[in-house]
Amino acid sequence: MAHDTPTAPDDPSTRDEDPTEHVPPRPGRRLRRDECKARVTAFDRLAVPDTGTRRAAVALAVVTDDDGSRLLLTRRPPKMRAHAGQFALPGGSIDPGETPEDAAVRELAEELGVQAGADSVLGLLDDYVTRSGFVITPVVVWLGEPDGPIVPNPDEVAVVFEVGMEEVDVDPLIQPVPGAPDGSAPFLRWPFRGGAMFAPTAALIHQFREVVLHGRGTRVAEFAQPDFAAR
């Protein structure tokens, strides 16, 4: 994939930062489905009431095989009308009559060609309100070892990353918003293969790490979102 000029780390106003490092060696850490399910079930999630706001769902989808467990992460094509070139979790708008779980499973099939049954859903994390006007419901999905290859839809996905749990389990960088008054919400910058990304995607991955990997009830709604997240 061709890369645009990366944003300076101290000025996340334009875009996520491009990864510059190679995939880490495998095998990596392997998760257990029952342990992940128990931690998500025990999490006291915060739901945003449905008041007519646009709703969306994303899948925090875990693939597990002999190479360990990985989280599926995508990068949007540079010419998409919305969120062009940004890192994203598989997902999209919730259609009428759908639940967040239904939408996340459907989007996995549409974006990545991955078929997941209803029993693959482990649970939900906190609803997340974005600057672009959506309420996102993150859905944790256990894919195990997919029956077939991951086949990204080129209209929606430029590249798919399989992110090992060693990469997920890192401390984010918390940094002030340039020019913001004292006491303003800071940015959460999640490092990824020599680059970085910001909320919303970084915040959702960080909460996945806290809840699923460590069983901690960490909240992420308070972190600031860069200007590009609204585009």
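What follows is a walk through a predicted model, beginning with residues in its interior and moving through its charge pairs to two backbone features and a patch on its surface.

Val-139 is a convenient place to start, since this residue sits in strand β7, which covers residues 134-144, and has a relative accessible area of 0%, so it counts as buried. Leaving out residues up to four places away in sequence, Val-139 touches Ala-57, Val-58, Ala-59 and Leu-60, and also Pro-100, Glu-101, Ala-104, Val-121, Gly-123 and Leu-124. For one of these partners, Ala-57, the separation along the chain is 82 residues, while the C-alpha atoms of Val-139 and Ala-57 are 6.9 Å apart in space.

Leu-60 also appears among the contacts of Ile-205, a residue of helix α4, which runs over residues 201-213. The relative accessibility of Ile-205 is 1%, and because buried means under 20%, this residue falls in that class. Beyond residues up to four places away in sequence, Ile-205 touches Leu-60, Leu-71, Leu-73, Leu-89, Val-168, Trp-190 and Met-197. Leu-89 in that group is 116 residues from Ile-205 in sequence, yet the two C-alpha atoms are 8.9 Å apart.

A third buried position is Tyr-128, whose relative accessible area is 2% and which belongs to strand β6. Its neighbours within four places in sequence set aside, Tyr-128 is in contact with Phe-134, Val-135 and Ile-136, with Ala-199, Pro-200, Ala-203 and Leu-204, and with Val-220, Ala-221, Phe-223 and Gln-225. The C-alpha atom of Tyr-128 is also 9.9 Å from that of Arg-55, although 73 residues separate the two along the chain.

Arg-55 leads on to the charged side chains. Side chains of opposite charge can pair when their charged atoms come close, and a search of the whole structure finds 21 salt bridges. In one of them, Arg-55 pairs with Asp-127, with 3.3 Å between the closest N and O atoms. Arg-55 lies in strand β1 and Asp-127 in the loop between β5 (121-124) and β6 (128-129), so this salt bridge ties together parts that are 72 residues apart in sequence. Arg-55 and Asp-127 are both buried.

Arg-76 and Glu-111 form another such pair, their side chains meeting in a salt bridge with an N to O distance of 3.1 Å. Here, too, distant parts of the chain are linked, since Arg-76 is in the loop between β2 and β3 (87-88) while Glu-111 is in helix α2 (residues 100-112), 35 residues apart. Arg-76 and Glu-111 are likewise both buried.

The side chains of Asp-34 and Arg-32 meet in a salt bridge of 2.9 Å, N to O, and in this case Asp-34 is partly exposed, with a relative accessibility of 47%. Elsewhere, salt bridges join several residues into a network, made up of Arg-29, Asp-169, Asp-171, Arg-209, Glu-210 and Arg-216.

The backbone has two features worth inspecting against a general background, namely that most residues other than glycine have a negative phi and most peptide bonds are trans. The peptide bond from Ala-199 to Pro-200 is cis, with omega near 10 degrees, and Pro-200 is placed in the loop between β11 (195-197) and α4. Ala-199 and Pro-200 are both among the contacts of Tyr-128. Arg-193, in turn, has a positive phi, near 50 degrees, in a residue other than glycine. This residue is found in the loop between β10 (187-192) and β11, and its relative accessibility of 10% makes it buried.

At the surface, Asp-66, Asp-67, Glu-145 and Asp-147 form a negative patch. Asp-67 is in the loop between β1 (54-65) and β2 (68-75), and its relative accessible area of 34% makes it partly exposed. Two members of the patch, Asp-66 and Asp-67, are the residues with which Pro-27 is in contact once its neighbours within four places in sequence are left aside. Pro-27 lies in the segment before α1 (33-42), and at 59% relative accessibility it counts as exposed. The C-alpha atoms of Pro-27 and Gly-68 are separated by 5.4 Å, with the two positions 41 residues apart along the chain numbering.

Definitions and conventions: Residues are numbered from 1 along each chain as its sequence is written. This is a predicted model: local features need pLDDT of at least 70, side-chain atom pairs count only at pLDDT 80 or more; totals for chains, interfaces and linings use all residues. Side-chain values use heavy atoms; hydrogens and water are left out. Patches are made of residues with over 30% relative accessible area and no salt bridge: like charges are joined within 9 Å, nonpolar side chains (Val, Leu, Ile, Met, Phe, Trp, Tyr) within 5 Å. Accessible areas come from the Shrake-Rupley method with a 1.4 Å probe; for residues, only the protein chains shown count as cover. Lys and Arg count as positive and Asp and Glu as negative; His and the chain ends are not counted. The place of a charge is taken as NZ of Lys, CZ of Arg, CG of Asp or CD of Glu. Helices (H or I, at least four residues) and strands (E, at least two) are DSSP runs, numbered from the N terminus. Buried means under 20% relative accessible area, exposed over 50%, partly exposed in between (1.4 Å probe, protein chains only). Contact means heavy atoms within 4.5 Å.
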